[in-house]
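Work through the exercises below with the model open. Try each task before reading its solution.

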Amino acid sequence: MSSPAVRRLWTIVASVVLVVVIVFLQRFVVPEQDQLDPIPTSGTADAAVATDDFTAEVVETGVSTALEAAGPEGTTERVEANGAWVAVWVRVTAEHTTIDPMHAELRMDDGTIYSERGWFTDSLARTDFSPGITVYGAFVFEVPRDRLDRPALLLTNATGLDRRLGAQADIDLALTDPAPSDEPIALLPPEVQMGDSADASE
């Protein structure tokens, strides 16, 4: 029969081993926030990115200090940026159900996130996306000049403000020269593109 000292030693050893195992297994526990985050599909601006809910293809990116947008009664107004406007022209095709709204963000290399302004009537963020119909237009962001660093476009299928487990396209815009131009960007209304019309605009 083992002595009390030996039994105590084995108890201590077993407890230490159990603590080590628990600490090790905690590395594999997914935080609750990560369980609810959007599900990203990564890609670059030179190819379409297909998520479970939609396909997004970046066509062009413009950076400028000014934007020309639709004003009242068919007029056009020039809007100066407090920094720089970043306009990203994208083709978006919903796959299965109507998407309204598409939540658009611009993520910088340091992780800073800028939301789509949503001010402009012709912004793609104000568009409904019906299944199988490709819509072409621009998402518009306002960014401080000194924070414009290797931006990526994040598009998420959001239900209202709820983006939990939503399909997300994470697209590297590959901007090699993000210095804003003084030539204003013309923001035109979104347009539906079907078949040949999508090919012709390339």
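The exercises cover one threonine and several salt bridges in this predicted model.

**Exercise 1.** Place Thr 134 in the fold and decide whether Thr 134 is buried or exposed.

*Solution.*
- Step 1: find the element. Thr 134 sits in strand β7, which spans residues 134-143.
- Step 2: take the relative accessible area, 15%. Buried means under 20%, so Thr 134 is buried.
- Step 3: list the contacts, leaving aside neighbours within four places in sequence. They are Arg 91, Val 92, Thr 93, Glu 191, Val 192 and Gln 193.
- Step 4: look for a polar contact. The side chains of Thr 134 and Thr 93 make one at 2.6 Å.

**Exercise 2.** Find the salt-bridge partner of Arg 91 and say how far apart in sequence the joined parts are.

*Solution.*
- Step 1: the partner is Glu 57, with the closest N and O atoms 3.2 Å apart.
- Step 2: Arg 91 belongs to strand β4 (residues 76-94) and Glu 57 to strand β3 (residues 54-70), so the pair ties together parts 34 residues apart in sequence.
- Step 3: compare accessibility. Arg 91 is buried at 5%, whereas Glu 57 is partly exposed at 25%.

**Exercise 3.** Which residue forms a salt bridge with Asp 109, and where do the two lie?

*Solution.*
- Step 1: Arg 150 is the partner, its closest N to O distance being 3.8 Å.
- Step 2: Asp 109 lies in the loop between β5 and β6, and Arg 150 in the loop between β7 and β8; the pair therefore ties together parts 41 residues apart in sequence.
- Step 3: Asp 109 is partly exposed at 45%. Arg 150 is exposed at 54%.

Conventions. Residues are numbered from 1 along each chain as its sequence is written. This is a predicted model: local features need pLDDT of at least 70, side-chain atom pairs count only at pLDDT 80 or more; totals for chains, interfaces and linings use all residues. Side-chain values use heavy atoms; hydrogens and water are left out. Helices (H or I, at least four residues) and strands (E, at least two) are DSSP runs, numbered from the N terminus. Buried means under 20% relative accessible area, exposed over 50%, partly exposed in between (1.4 Å probe, protein chains only). A polar contact is a pair of N or O atoms within 3.5 Å; within protein, one must be able to donate a hydrogen and the other to accept it, and residues adjacent in sequence count only if both atoms are side-chain atoms. Contact means heavy atoms within 4.5 Å. A salt bridge is a side-chain nitrogen of Lys or Arg within 4 Å of a carboxyl oxygen of Asp or Glu.
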